[in-house]
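Me: Please take a close look at the annotated binding site in this model, and then set it beside a few other local features of the backbone and the helix packing.

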Amino acid sequence: ERTRLARLKESATRTLDGTEIQLHANIESPKDLPAVRAVGADGIGLYRTEFLFTERADRPSEAEQFEAYREVVRGMKGKPVTIRTFDLGADKDFDLSDERRAPANPALGLRGIRYCLAEPAFFLTQLRAILRAAACGPVKILLPMVMHASEIDRARQLIAQARSELVAEGVKVPEQIPVGAMIEVPAAAIALPMIARRVDFLSIGTNDLIQYTLAIDRQDDAVAELYDPLHPAVLRLLAGILSFAARIDLPVSLCGELAGDPDYAWLLAALGLREFSMHPERLLEVRQRLLYANLDELAPKAQRLVKLDEPQKIREAFARFND
Ligand code: PEP
Ligand code: MG
C-alpha cells in the first residue's frame with residue numbers, strides 16, 4: 001500500500017472529470033520540509049509560525065524569524081508558501097511572561113490577530129521578516145482568527161508600514177503580497193462578504209470553525225464525541241463559504257484537519273474546494289481518493305447532502321457518497 005501510494009508523489013491531482021486540485025502541506029518549522037518534498041506537495045498552505053515560540057520564554061527576533069521563513073521559501077523552490085501570522089494565545093500555550101495570558105476563556109480571548117494587533121511593535125517584526133523572505137519566492141500572508149473588518153484593515157496598514165520601512169532602508173521587498181483571512185470564527189463565515197472584499201484569498205480553519213460553531217472545546221476529551229464535522233450547521237457554513245467564494249472568484253483553501261481526512265475528500269471537492277492543505281503524511285492518501293472522484297456526478301449529490309437536517313439522514317447520505 002505504501003509503495004502504491006509513493007508512486008503518486010510525482011502526479012498532479014486531477015479528478016476523473018478533469019478538475020485540477022492543489023494539495024498543499026501544513027508545517028510548523030523548516031524541519032518539516034523533507035516530509036513535504038517527499039510527497040510532492042504543490043506548496044505550503046499553512047505555516048504555523050507560532051511554533052517559533054516552542055521551548056523558549058522570549059520572543060524570536062526579526063532576524064531569527066527571517067532565517068526561518070527564508071529557509072521555508074527557498075526550500076519550496078518557487079512553489080507558493082502561505083505564512084500565517086502568529087496565532088498565539090488560547091491552546092497555543094507559550095510563555096510570553098505577559099499578565100494577559102491565562103484568561104478564563106483563552107479560546108475567546110486575546111489570540112491570533114487580536115494578540116498581534118494588541119502588540120503592534122512585535123507584530124511589525126513578523127511582518128518585516130515575512131516581507132523580506134518574500135523577496136526569495138512566492139509568499140502569501142494569512143491572518144488567523146479574523147472576525148471583523150477592522151482587524152484586516154489594521155493588519156493591512158501595518159503591512160504597508162513594514163513595507164515602507166524596508167523600502168526606506170533599501171531592503172528588497174516585493175511590490176505586492178497577497179493577504180488572506182482564516183475563516184475559523186463563525187462570525188467571519190456568516191458575514192463573509194465583509195471579510196472577502198478585503199482579502200486576496202481565504203483559508204477555512206475547520207478545527208476552530210467547528211469548535212466555535214458547536215461550542216465544543218477542541219482540547220476537552222469530555223466533549224470530544226460531540227465534535228462533529230457532519231453537524232448540519234457545520235456543513236451549511238462550509239457549503240456557504242465555498243459557493244460564495246466561487247461566485248466572486250476568490251481563491252479558497254481549507255487547512256483544518258478535515259482536509260487531511262480521505263473520507264471527506266470527495267465531499268469537499270464536490271462542494272467546490274480546489275485547494276486542500278494538510279499534514280504531509282495524509283497527502284498521498286487524499287490524492288489517491290481525488291483521482292477517482294467524478295465531480296460532475298458528486299456535485300449535485302453534495303448539494304443535496306448539505307440541505308439535509310437530520311443527523312441520521314446525513315450519515316446515511318455521507319456513507320453512500322463515498323461508495
Ligand atoms: C484551524 O483552526 O482549522 C487551523 C488550521 O488552525 P489551528 O489548528 O492552528 O488553530
Ligand atoms: Mg485555528
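Reply: What follows starts with the binding site and then turns to a helix pair and two loop residues.

This is a predicted model, in which local features need pLDDT of at least 70 and side-chain atom pairs count only at pLDDT 80 or more, whereas totals for chains, interfaces and linings use all residues. Residues are numbered from 1 along each chain as its sequence is written, and chains are lettered from A and ligands numbered from 1 in the order in which they are written.

According to UniProt, in an unreviewed entry, the feature "binding site" falls at Glu184 and Asp208; such positions are given in the numbering used here, with feature names shortened, and the annotations may be inferred rather than shown by experiment. Although these positions are spread over 25 residues of sequence, they cluster in space, the largest C-alpha distance being 5.2 Å. Glu184 sits in the loop between strand 6 (179–183) and helix 7 (186–190), while Asp208 belongs to helix 9 (residues 206–214), where helices (H or I, at least four residues) and strands (E, at least two) are DSSP runs numbered from the N terminus. Glu184 counts as buried because it has 26 C-beta neighbours inside 10 Å, and Asp208 is buried with 24; the cut-offs are 20 or more other C-beta atoms within 10 Å for buried, 12 or fewer for exposed, and partly exposed in between, with C-beta atoms placed from the backbone. Leaving aside residues up to four places away in sequence, Glu184 touches Met145, Gly205, Asp208 and Leu209, a contact being a pair of C-beta atoms, placed from the backbone, that lie within 7 Å.

Elsewhere, helix 5 (residues 120–133) packs against helix 6 (residues 149–168) at an angle of about 60°, with the axes 9 Å apart; axes are lines fitted to C-alpha atoms, for helices over the stretch in contact, and angles run from 0 to 180 degrees between N-to-C directions. Among the residues that meet are Phe123 and Leu127 in helix 5 and Leu158 and Ala162 in helix 6.

Two loop residues other than glycine have a positive phi: Lys77, near 50°, and Asp249, near 60°. Lys77 lies between helix 3 (62–75) and strand 4 (81–84) and is exposed, with 8 C-beta neighbours inside 10 Å. Asp249 lies between helix 10 (232–247) and strand 8 (252–254) and is likewise exposed, with 6 other C-beta atoms within 10 Å.

Terms used. Contact = placed C-beta atoms within 7 Å.
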